Amino acid sequence: MDFETLEKLWRSEANDRATVAETYILEATLKTLTQRRGAFSTGMGLIGLALIVWTGAIAYAVMWGKIADITQEWGILALLVISWLAFLIAQAQQKRHVRAYPEATTSMPDALRALIDENRTARARTRMMGVALLVFAGVLALSVGQLHAVGKMEWRHVVQGSLLFGGALLLSAAIHAVRYIRMLKPEGERLRRLLEQYAQD
């Protein structure tokens, strides 16, 4: 969202509740909200598809392929459960947001409140993902250890896998942290200031 333009228009002398400026601001706010909801739905759809494929592969390996002994390699199931839980929690958080602000509005304060709630939901989702990544990393280490114990991974593969997956998890955590600190938190503060300014005018 173009916060610079939004703030300048709102603070300009020409701006009042009957001007084109406010209409522009309202439309820009609602467009941003719609785009973010669409991006979330697309992203979660792809993640859900990946989880379904992963679940099917594990089910085949355990139930039909007989290439995995779940009594000794249950770590992979724990990883799957953690992933599904994070997915479902994120979906529940988004559904709460959409239920709270289900329709487009012609009220600027309501539009800002909807965007503030979207930002709050995104921050909560990022914090949840941080916890999930920590748990996932621990269970992943356990799962790799189980594969080594049953002879399905040599020690050199354990080291290589640990470096590869550990690096991927660290990168993911860093991306979430930077996004939270550099984008989501400052954005939330600016949106709240804009709503306060609107209420004072």
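Where does α5 bend, and by about how many degrees? The notes below take up this point together with the overall fold, the other helices and the pockets of the model.

1. Status and overall fold. The structure is a predicted model. The protein chain contains five helices and zero strands, and in sequence order the elements read α-α-α-α-α. Of the 201 residues in the protein chain, 36% are buried. Among contacts in the protein chain with a separation of 6 or more, 79% are accounted for by residues 24 or more positions apart.

2. Helix α5. The bend asked about above is at Tyr-180, where α5 turns by about 40°. The helix has 46 residues, and the distance from its first C-alpha to its last is 65 Å, close to the 68 Å expected at 1.5 Å a residue. Tyr-180 is itself one of the buried residues of α5, and others include Val-158, Gly-161, Leu-169, Leu-184 and Glu-187. Further along the helix, the buried residues include Leu-191, Leu-194, Leu-195, Gln-197 and Tyr-198.

3. Ala-199. This residue also belongs to helix α5. Ala-199 counts as exposed because its relative accessibility is 63%, and the cut-off for exposed is over 50%. Between Ala-199 and Pro-109 there are 8.0 Å in space, C-alpha to C-alpha, although the two are 90 residues apart in sequence.

4. Helices α3 and α4. The 42 residues of α4 should span 62 Å at 1.5 Å a residue, and its end C-alpha atoms, 61 Å apart, agree with that value. For α3, with 26 residues, the expected span is 38 Å and the end C-alpha atoms are 38 Å apart, so the two agree. Just after α4, Gly-151 adopts a positive phi of about 85°.

5. Buried residues of α3, and Gln-94. The buried residues of α3 include Gly-75, Ala-78, Leu-79, Leu-80, Ile-82, Ser-83 and Phe-87, and also Gln-93, Gln-94 and His-97. Gln-94, which is found in helix α3, has a relative accessible area of 9% and is therefore buried, the cut-off being under 20%. Leaving aside residues up to four places away in sequence, Gln-94 touches Arg-37, Phe-40, Thr-121 and Arg-125. Gln-94 and Asp-117 are 10.0 Å apart, C-alpha to C-alpha, with their positions 23 residues apart in sequence.

6. The largest pocket. Its volume is about 1200 Å³. The lining comprises 50 residues, of which Ile-47, Ser-83, Met-129, Leu-133 and Ser-172 are the closest to the centre of the largest pocket. At least two lining residues are supplied by each of α2 (20–64), α3 (75–100), α4 (108–149) and α5 (155–200). By class, the lining of the largest pocket divides into 33 nonpolar, ten polar and seven charged residues. Ser-83, one of the residues closest to the centre of this pocket, is also among the buried residues of α3.

7. The second largest pocket. This pocket holds about 200 Å³ of space. Its lining has 13 residues, and those closest to its centre are Gly-130, Leu-133, Leu-134, Leu-169 and Ala-173. Both α4 and α5 supply at least two residues of the lining, and α5 gives the largest share, with seven residues. The lining of the second largest pocket consists of eight nonpolar residues, four polar and one charged. Leu-133 appears among the residues closest to the centre of the second largest pocket, as it does for the largest pocket. Leu-169, likewise one of the residues closest to the centre of the second largest pocket, is among the buried residues of α5.

Methods:
Residues numbered from 1 in each chain as written. Predicted model: local features only at pLDDT ≥ 70, side-chain atom pairs only at ≥ 80, totals over all residues. Heavy atoms only, no water. 1 Å grid on protein atoms, 1.4 Å probe; cavity = no way out; pocket = protein on both sides within 12 Å on 5 of 7 lines; lining within 4 Å. Points joined across faces, edges and corners; volume = space filled by probe spheres on them. Helix = DSSP H or I, 4+ residues; strand = E, 2+ residues; numbered from the N terminus. Nonpolar A, V, L, I, M, F, W, Y, C, P; charged D, E, K, R; others polar. Expected span 1.5 Å × (residues − 1). Bend = angle between axes of the 7 residues up to and from the residue. Buried < 20%, exposed > 50% of the residue type's maximum accessible area, 1.4 Å probe, protein only. Contact = heavy atoms within 4.5 Å.
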